[in-house]
Amino acid sequence: MHRRCLSRLSLKPERCLRHRGAVRTQTNVAPPNVASSSTRPDPFKLLAPQLAELRTSLLSMLSSGHPAISEITKYYFLHPSKQVRPVIVLLFAQATNGLGGDWSRKLWEAECEHAGGRADELDKPLTRPDVLNDWNPSMPQQTASFDPEFLLQPATRLHRSPKPTTFSEPSSPSSSKPTLANMVLPTQVRLAQIVEMMHTASLLHDDVIDESALRRGAPSAPASFGNKLSVLGGNFVLGRASAALSRLGDSEVTELIASVISNLVEGEILQMREVKLEEGADALASEVLEKSGRSRTGQTSREAWNLYLQKTYLKTASLMAKGARSSVVLGGCREGEVWKEIAYAYGRNLGIAFQLVDDVLDYESASATLGKPGGADLQLGLATGPALYAWEEHPEMGDLIQRKFEQPGDVELARDYVLRSSGVQRTRALAQAYADKAKEVLQELPDSEAKAGLEVLTERVIGRKS
């Protein structure tokens, strides 16, 4: 496959690595072109220092003037989580930085923004602090005491680190090849935080909608704080994530991540849609189905599968896919370069595999292992992969699925059908197929420890028990 050649900036990555305050680097990075088969890194141990810092600094972004909001917005962040989404973002940053056509520019901007020991540029407001945070006593350095009469102030220019007004790259031989820079930019670290914030906001809302009593083995936010505060807390986290997103300064990334919010809502609405058995279908439609050798149940089952997989993408895979793509964009990948497509395809396939495994665990795992009540999907009226496969082997499942397991005994009967079928095994096999596809698309990436970490992550997703 054709690769664009990169011109090198006079300010080389090796110099940037010495400025640890300017560009945050990965300390456990293997040299480029080291075969991934020679090492099997644990992606979470590989990124352990970065993930710890990510979570610590993230909590400071959630401070509110109202103690109740501060408490609930930090509630899920203080409990252990899988952190799969920020790991994907950070690994793709590490696996692709240096390959994109605009990497030199991104690197130069990061150096300019952090030159002279200035505070982190990403934490500086784009609007006057006393306007942006009026009135938030949790941010005393950025807002004045509340006064009902807001006084006009002369227009002043916010002092931000200088950005280059012109940019020129030194000429280089056309045969030069892109090489990995072995670092992660501050914008990519912040993106990992934003992705985790959006995921947590969706959990706060989901637990209200699903009336969940448990989350990660502990009382859920609605159980601890009530539905109203949980919804408001989720909205607050989304608001803070949106403000942080605006400071990344990349329109494409803003568009990608903002669209995830729409996807989450669309997925939730789609999940509420009923599966129709179409008993009233006209005679012509029935005749067509019979002549093609397809039963009405089989046709409806396929439609239910399409609905299920579409919902799975919208609610789970979208954030992983668009987060991975955004990470590569922030690393300087231009339109038309393959790295963006690899990141999106990986996140999409891995996200669907992740949710399929979740749906298997709902039937396999005990409540204590899963961290939430077993059989929760059936209780919510949801026909997931195991139930849809069971429908193919037990046509009686169709009626139960259509009425969303609402009648007394429906949940127990449906669970029995699933466990007497090969639905769980077939769903796990489907998850494995998606995970294999995620691993397959990585082969275009140059060998590195980060690439190997992404490969291991696909195996971790399939093998997890909670």
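Author: A cavity here is a set of grid points where a 1.4 Å probe fits but cannot get out, and its volume is the space filled by probe spheres set on those points. Bear in mind that this is a predicted model.

Reader: Fine. How many cavities of 30 Å³ or more does the structure hold, and what volume does the second largest have?

Author: There are 2 of them. The second largest comes to about 30 Å³. Its lining consists of T96, N97, G100, V328, G331, C333 and W339.

Reader: What makes up that lining by class?

Author: You get 3 nonpolar and 4 polar residues, with no charged ones. Gly counts as polar and Cys as nonpolar in this scheme, so G100 and G331 go with the polar residues, and C333 with the nonpolar ones.

Reader: On to the helices. Why are α20 and α21 called roughly antiparallel?

Author: Look at the crossing angle: the axes of α20 (residues 423-441) and α21 (residues 449-463) cross at roughly 170°. Anything over 145 degrees counts as roughly antiparallel, so that label fits this pair. Their axes also come within 9 Å.

Reader: Which residues make the contact?

Author: From α20, R428, A431, Q432, A435, A438 and K439; from α21, E455, T458, E459 and I462. By class that is 4 nonpolar, 2 polar and 4 charged residues.

Reader: Which residues of α4 are called buried, and what makes them so?

Author: In α4 (residues 67-75), they are I69, S70, I72, T73 and Y75. The label means under 20% relative accessible area, so each of these five falls below that cut-off.

Reader: What do they pack against?

Author: Against α8 (186-209), β2 (218-219), α9 (221-225) and α10 (227-246).

Conventions: Residues are numbered from 1 along each chain as its sequence is written. This is a predicted model: local features need pLDDT of at least 70, side-chain atom pairs count only at pLDDT 80 or more; totals for chains, interfaces and linings use all residues. Side-chain values use heavy atoms; hydrogens and water are left out. Axes are lines fitted to C-alpha atoms, for helices over the stretch in contact, and angles run from 0 to 180 degrees between N-to-C directions. Helices (H or I, at least four residues) and strands (E, at least two) are DSSP runs, numbered from the N terminus. Angles under 35 degrees count as roughly parallel, over 145 as roughly antiparallel, 65 to 115 as roughly perpendicular and the rest as oblique. Contact means heavy atoms within 4.5 Å. Buried means under 20% relative accessible area, exposed over 50%, partly exposed in between (1.4 Å probe, protein chains only). On a 1 Å grid over the protein atoms alone, a cavity is a set of points where a 1.4 Å probe fits but cannot get out, and a pocket is an open set with protein on both sides within 12 Å along at least five of seven lines; lining residues have an atom within 4 Å of a point.
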